[in-house]
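Work through these exercises with the model open beside you. Try each task before you read its solution.

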Amino acid sequence: MDVQRLVDAYIIGLGDNADNTEFREALVSRIINGDISLLELVQALGEYLASEEANRRSKGLHVLSDVLNDLPETSIPSQAISRLVQFFSARLSDATCVPQVLTAINALLRLPTFTDEFTADVLNALFKEVHVQSFQYSTRSAAYQLIELAMANNPRAVQQMGDAFVLGFAQLLDGEKDPRSLIVAFQIVPKIAALVDIRNNAEDLFEVVFCYFPITFKHRDGDPSAISPESLKNALRAAITCSPHFGKMAVKPLVNKTTATATSAKIDALETLAAGTHQFSADAFKSELEVLVEQIREDVVMSADEKVVSAALETLEAVYAVISPSAPAASEITEVGESSSPLDYVLKEAMFQLTGDGVKNPEQIGKILRSVARSSAYNCSVVSDAVMPIIIERLESADVLTVRRELMDVLNYVLSASCDVEKKA
């Protein structure tokens, strides 16, 4: 059977939803054996690829993309890649053909001879011509795959695109709803932040990601391939906290989310703030610190959920480790209460409680002090110097056994923080 008859049979099979494996394997085998060239296949598909009927164009591209996916790299000459890239880039403006074109481009992107110039051409065409969110899941998945392959195989091309790539991806993601696509998109964001300078378009990228927070959806029971809520939540958290440029945009709305009535949303916000301390600067947290400390104090004192308390205390420790990890300059040192030192937000309330007739919530006070003290050697020293003289003085003067016990409880927490800091050192 000659090439044209193979192609025609293949096209007819697509219309009948038949199994075209035999025809595909025959075409691939002939190209590999040198019986026909890739150019000859394209010529045989010419009447379909150039047809005015959208359905015929789509079928022609379907055959070409199927064959390209199965061909080894040695059977695709570099001069053919150049022509194919031009052809496919132009066809991305043809909505009917987009699914097949993306499949074909992804096949070419895997080739070592696919240059940076080719990568820039297909990415620019994708961002300019394709409204990805108007397509079904399989096509959107192919678009995200194209992004991933371009970043992995031709990172220099992506870096050279810079702002255009960041903005293009943000527009591509905007409106995505399928968890299967979202988890891939969220995993791409940290890779972009690591590869490209995102500062000029950080707000665009952040907004399109943060609009999903906090993310919830129902896991499909009995489907082992379904995305788990926990994995999707973790991927979103990693995307939100992947860049210092997201810091000042992320902290305030996350602190606001800590007041959520839903326990899962509250914990998610606290844990995301803690994760942000690995990338966000101290300045990103300072303006919201007083509000955050007050909310954490409320959660620790009032919440009956140990998971909430644990998340709140871990977040407090992580944030103070960023804000005041070491001793300030001599000119910045002040007594507690004489400045708006970050530690004052914790120490003022603690010292007020410790000097009262009875120590209210001694366990909770002790846990808060311990978390702050554990954040750094300097913070541990400041906390110890501030509260231990008060505790010791009161222990010497207090006659009421319950008060002495409460003071000892707080003292034990502070001392345990000192031990933890020593172990870290």
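Start with Tyr137, which is partly exposed at a relative accessible area of 27%. Keep in mind that this is a predicted model.

**Exercise 1. Find where Tyr137 sits and list its contacts beyond its sequence neighbours.**

Solution.
- Step 1: Look for the element. Tyr137 is in helix 9, which covers residues 137–153.
- Step 2: Set aside neighbours within four places in sequence. Tyr137 is then in contact with Asp178, Arg180 and Ser181.
- Step 3: Check the ring. Arg180 lies over the face of Tyr137, 3.7 Å from the ring centre.
- Step 4: Compare positions along the chain and in space. Tyr137 and Glu176 are 39 residues apart along the chain, and their C-alpha atoms are separated by 9.7 Å.
- Step 5: Justify the label. Tyr137 counts as partly exposed because its 27% falls between the limits of 20% and 50%.

**Exercise 2. Decide whether Ser181 is buried or exposed, and name what it touches.**

Solution.
- Step 1: Place the residue. Ser181 belongs to helix 12, residues 179–195.
- Step 2: Read the accessibility. Ser181 has a relative accessible area of 1%.
- Step 3: Apply the cut-off. Buried means under 20%, so Ser181 is buried.
- Step 4: List the contacts, leaving out residues up to four places away in sequence. Ser181 touches Tyr137, Arg140, Tyr144 and Glu176.

**Exercise 3. Describe the second largest pocket: its volume, its lining and the elements that supply it.**

Solution.
- Step 1: Give the volume. The second largest pocket holds about 250 Å³ of space.
- Step 2: Count the lining. There are 13 lining residues, and Leu38, Leu39, Val42, Ala80 and Arg83 lie nearest the centre of the pocket.
- Step 3: Name the elements. Helix 3 (38–44) and helix 6 (78–91) are those that give two or more residues to this lining.
- Step 4: Pick the main contributor. Helix 6 gives the largest share, 5 residues.
- Step 5: Sort by type. The lining of the second largest pocket has 9 nonpolar residues, 3 polar and 1 charged.

**Exercise 4. How many aromatic pairs does the structure have, and how are the rings of two of them arranged?**

Solution.
- Step 1: Recall how to describe a pair. Two values do it: the distance of the ring centres and the angle of the planes.
- Step 2: Count. A search of the whole structure finds 8 aromatic pairs.
- Step 3: Take Phe210 and Phe213. Their centres are 5.5 Å apart and their planes are at 20°. Planes under 30 degrees apart count as stacked, so this pair is stacked.
- Step 4: Take Phe280 and Phe285. Here the distance is 6.2 Å centre to centre, with 40° between the planes. The pair is tilted.
- Step 5: Check burial. Phe210 is buried at 11%, and Phe213 is buried at 6%. Phe280 is buried at 3%, and Phe285 is buried at 2%.
- Step 6: Look for a cluster. Ring pairs link Phe206, Phe210, Phe213 and Phe246.

**Exercise 5. Place Phe213, list what it touches, and find which peptide bond is cis.**

Solution.
- Step 1: Locate it. Phe213 is in the loop between helix 13 (202–210) and helix 14 (229–240).
- Step 2: List the contacts, again without residues up to four places away. Phe213 touches Leu236, Ile240, Leu254, Lys257, Asp268, Ala269 and Thr272.
- Step 3: Take one contact further. Phe213 and Leu254 are 41 residues apart along the chain, with 9.0 Å between their C-alpha atoms.
- Step 4: Look at the backbone. The peptide bond from Phe213 to Pro214 is cis, with omega near -10°. Pro214 is also in the loop between helix 13 and helix 14.

**Exercise 6. What sign does phi have in Asn17 and Asn361, and where do these residues lie?**

Solution.
- Step 1: Start from the general rule. Most residues other than glycine have a negative phi.
- Step 2: Read the angles. Asn17 has a positive phi of about 55°. Phi of Asn361 is also positive, near 50°.
- Step 3: Place them. Asn17 is in the loop between helix 1 (3–15) and helix 2 (21–33). Asn361 is in the loop between helix 20 (344–354) and helix 21 (362–374).
- Step 4: Read the accessibility. Asn17 is exposed at 72%, whereas Asn361 is partly exposed at 35%.

Terms used
Residues numbered from 1 in each chain as written. Predicted model: local features only at pLDDT ≥ 70, side-chain atom pairs only at ≥ 80, totals over all residues. Heavy atoms only, no water. Helix = DSSP H or I, 4+ residues; strand = E, 2+ residues; numbered from the N terminus. Buried < 20%, exposed > 50% of the residue type's maximum accessible area, 1.4 Å probe, protein only. Contact = heavy atoms within 4.5 Å. 1 Å grid on protein atoms, 1.4 Å probe; cavity = no way out; pocket = protein on both sides within 12 Å on 5 of 7 lines; lining within 4 Å. Points joined across faces, edges and corners; volume = space filled by probe spheres on them. Nonpolar A, V, L, I, M, F, W, Y, C, P; charged D, E, K, R; others polar. Phe/Tyr/Trp six-rings, centres within 6.5 Å; stacked < 30°, edge-to-face > 60°. Lys NZ or Arg CZ within 6 Å of the ring centre and 35° of its normal.
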